[in-house]
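User: Hello! I would like a close look at a single part of this structure, with enough of the surroundings to place it. Here is what I have in front of me.

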Amino acid sequence: MHGLNVDGKIGSQVIDAIDDPKQVIGSYVITGEDISVVVGAIPKDYAQMAQMKYLGYATVTEGLAERFHMGEDFLKALNPNARYGEGETIFVADLGVNKTGKAVRLEVDKTQGQVRAYAADDSLLVAYPATIGSETNPSPSGTHTVKTVALNPEYTYNPKINFQQGNNNSVLTLPPGPNGPVGTVWIDLSEPTFGIHGTPEPSRIDKTGSHRCVRLTNWDAEELAKLLTKDVLVEFM
């Protein structure tokens with residue numbers, strides 16, 4: 001991103017590039033909205049999920065951890081005496097602003113487990129850790145394009161097209177929400193049934209396989225979605 005030599009050494013130029021006067025940890029006042037998106041335990045079975053109205057967060061701490069790009073255990077460690085009620089002030093990661101700009105192409109790097117977006121001048125906009133298919137369900141190869149971007153999408157489960165989930169043999173429509181199978185974003189690709197999407201389990205990104213698609217954390221998928229337009233090239237490497 002900064003045009004530095006890739007030599008694997010942490011020199012003064014690298015330190016200057018990452019130096020930031022901001023605090024790493026900041027504070028946040030819990031709102032009623034943070035509590036309103038909590039729906040309790042999410043069932044694993046798709047038929048039971050389909051009966052719900054919204055696949056929100058199981059707990060307030062899960063929602064807050066995801067909002068501030070943190071592990072839930074880390075959030076709890078920072079706030080050992082917190083009750084996580086409305087109006088309470090807690091310590092959280094102090095996030096920077098989301099990346100802005102316009103991506104003209106994406107690289108989906110299977111070897112590195114990474115999705116990278118580039119601007120028109122070929123500068124790197126963002127790079128995200130990603131889960132890219134699996135050995136038994138590999139992601140596509142070659143170059144494709146972005147068809148549409150859907151925020152807070154429903155998820156249509158079709159065992160004849162997707163995969164077999166439990167004993168569910170019928171087509172099911174699962175409601176939207178961060179704990180849905182594709183999280184809070186679906187980036188539809190020109191290759192049928194394939195997409196780039198969020199996840200209900202951010203801690204498992206790049207650690208477990210996916211059913212052929214490209215999986216990002218919800219927060220990375222949301223940032224990426226705002227950089228994309230229709231027909232952006234997506235190259236699988």
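User: By class, how many nonpolar, polar and charged residues does the lining of the second largest pocket have? Please walk me through the pocket and then through its setting.

Analyst: Happy to. Please keep in mind that this is a predicted model. By class, nine residues of the lining of the second largest pocket are nonpolar, six are polar and six are charged. Together, 21 residues line this pocket, and its volume is about 630 Å³. Nearest the centre of the pocket lie Tyr57, Gly63, Glu66, Arg67 and Glu222.

Now to the elements behind that lining. Two or more residues each are given by helix H2 (32–36), helix H4 (60–67) and helix H6 (218–225). H4 provides the largest share of the lining, with four residues.

H6 deserves a pause of its own. Of its eight residues, seven are buried, so the helix is largely enclosed by the rest of the structure. The buried ones are Asn218, Trp219, Asp220, Ala221, Glu223, Leu224 and Ala225. For this purpose, a residue is buried if its relative accessible area is under 20%. Glu222, one of the residues nearest the centre of the pocket, is not on that list of buried H6 residues.

Stepping back to the whole chain, the secondary structure consists of six helices and 13 strands. Its radius of gyration is 19 Å, close to the 18 Å that the globule rule gives for 237 residues, so the chain is as compact as a globular protein of that length. The C-alpha trace spans about 60 × 50 × 30 Å along its principal axes. Across the 237 residues of the chain, 41% are buried.

Aromatic rings add some further detail to this setting. Searching the whole structure turns up five aromatic pairs. In one of them, the ring centres of Tyr157 and Phe163 are 6.0 Å apart and the planes meet at 65 degrees, so this pair is edge-to-face. Here the cut-off matters, because planes over 60 degrees apart count as edge-to-face. Both Tyr157 and Phe163 are buried. They also belong to a cluster, in which ring pairs link them with Tyr46 and Tyr155.

One last contact involves a ring and a charge: Arg105 places its charged end over the ring of Tyr118, at 4.1 Å from the ring centre.

Technical notes. Residues numbered from 1 in each chain as written. Predicted model: local features only at pLDDT ≥ 70, side-chain atom pairs only at ≥ 80, totals over all residues. Heavy atoms only, no water. Phe/Tyr/Trp six-rings, centres within 6.5 Å; stacked < 30°, edge-to-face > 60°. Buried < 20%, exposed > 50% of the residue type's maximum accessible area, 1.4 Å probe, protein only. Lys NZ or Arg CZ within 6 Å of the ring centre and 35° of its normal. 1 Å grid on protein atoms, 1.4 Å probe; cavity = no way out; pocket = protein on both sides within 12 Å on 5 of 7 lines; lining within 4 Å. Points joined across faces, edges and corners; volume = space filled by probe spheres on them. Nonpolar A, V, L, I, M, F, W, Y, C, P; charged D, E, K, R; others polar. Rg over C-alpha atoms; globule rule 2.2 N^0.38 Å.
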